[in-house]
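Trainee: I have a new structure to look at. Can you walk me through it?
Mentor: Sure, here it is.

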Amino acid sequence: QLQLVESGGGLVQPGGSLRLSCAASGFTLDYYAIGWFRQGPGKEREGVSCISSTGSLTNYADSVKGRFTISKDNSKNTVYLYVNNLKPEDTAVYYCAGQGTGRMNYCVLSSSSYNKWGPGTQVTVSS
């Protein structure tokens, strides 16, 4: 069974940090770009960050540049999103998604490019 599962969300105060994980099973991330997306209450889903199958290319939305960092651990078949200096507007359900690209330095922040999705993890930023 091919699936992605997110974890690591929770309730955090403004300025706090979390590490979100996206674990793949049933397939190897060596051939998949992974994107992180989020959907806040009453908002449309937006792309946050992505990493290529090679791990050499990363992209970030302007709203999170300098605060979020994406990385990949091939030995664990897992992608991480380190979210720092969190703000109330970061409150959302965070999803990871996979796009089969082969071994390429390529990833995009367009949700329509991805066809494997995890169920999401809730991040709430509140004092």
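Mentor: Start with a strand pair. Strand β3, residues 18–25, pairs with β8 in the antiparallel sense, over 6 bridges. Keep in mind that this is a predicted model.

Trainee: Which residue in β8 is the bridge partner of Arg19?
Mentor: Tyr82 is the β8 bridge partner of Arg19.

Trainee: And how does β7 pair with β8?
Mentor: In the antiparallel sense, over 6 bridges. Strand β7 covers residues 68–73. One bridge there joins Asp73 to Thr78 of β8.

Trainee: How many residues sit between β7 and β8 in their hairpin?
Mentor: There are 4 residues between them. Look at Asn77 in that turn: its phi is positive, about 50°.

Trainee: Is β8 itself largely enclosed or open?
Mentor: Strand β8 runs over residues 78–83, and 5 of its 6 residues are buried, so the rest of the structure largely encloses it.

Trainee: On to the core. How many residues does the largest nonpolar core have?
Mentor: It has 26 residues. Trp36, Leu81 and Tyr94 have the most contacts inside it.

Trainee: Which elements give two or more residues to this core?
Mentor: They are β3, β4 (32–39), β5 (46–51), β7, β8, β9 (92–100) and β11 (121–125). The largest share comes from β3, with 4 residues.

Trainee: What about another core?
Mentor: Apart from that one lies a core of 6 residues. Ala33, Cys50, Ala97 and Cys107 are among them.

Trainee: Back to Tyr94. What does Tyr94 touch?
Mentor: Leaving out residues up to four places away in sequence, the contacts of Tyr94 include Trp36 and Leu81. Glu6, Leu20, Val48, Phe68 and Val123 are also among them.

Trainee: Now the cysteines. How many disulfides does the structure hold?
Mentor: It holds 2. Counting bonded cysteines along the chain, the pattern is 1-3, 2-4.

Trainee: Which cysteine is joined to Cys22?
Mentor: Cys96, with an S to S distance of 2.1 Å. This pair links distant parts of the chain: Cys22 is in strand β3 and Cys96 in strand β9, 74 residues apart.

Trainee: Are Cys22 and Cys96 buried or exposed?
Mentor: Cys22 is buried, and Cys96 is buried too. The torsion about their S-S bond is about 75°, so this disulfide is right-handed.

Trainee: And which cysteine does Cys50 pair with?
Mentor: Cys50 is joined to Cys107, S to S 2.2 Å. Cys50 lies in strand β5, whereas Cys107 is in the loop between β9 and β10 (116–117), so the disulfide ties together parts 57 residues apart in sequence.

Trainee: What is the torsion about the S-S bond of Cys50 and Cys107?
Mentor: About 70°, so that disulfide is right-handed. Cys50 and Cys107 are buried.

Trainee: Last topic: Val5. Where is Val5 found?
Mentor: Val5 belongs to strand β1, residues 3–7.

Trainee: Why is Val5 called partly exposed?
Mentor: Its relative accessible area is 37%. Buried would need under 20% and exposed over 50%, so Val5 falls in between.

Trainee: Which residues does Val5 touch?
Mentor: Ser21, Cys22, Ala23 and Pro119, not counting residues up to four places away in sequence.

Trainee: How far apart are Val5 and Val108?
Mentor: They are 20 Å apart in space, C-alpha to C-alpha. In sequence, Val5 and Val108 are 103 residues apart.

Conventions
Residues are numbered from 1 along each chain as its sequence is written. This is a predicted model: local features need pLDDT of at least 70, side-chain atom pairs count only at pLDDT 80 or more; totals for chains, interfaces and linings use all residues. Side-chain values use heavy atoms; hydrogens and water are left out. Buried means under 20% relative accessible area, exposed over 50%, partly exposed in between (1.4 Å probe, protein chains only). Two strands pair if DSSP finds at least two bridges between them. Contact means heavy atoms within 4.5 Å. A nonpolar core is a set of buried Ala, Val, Leu, Ile, Met, Phe, Trp, Tyr and Cys residues joined through side-chain atoms within 4.5 Å. A disulfide is a pair of cysteine sulfur atoms within 2.5 Å.
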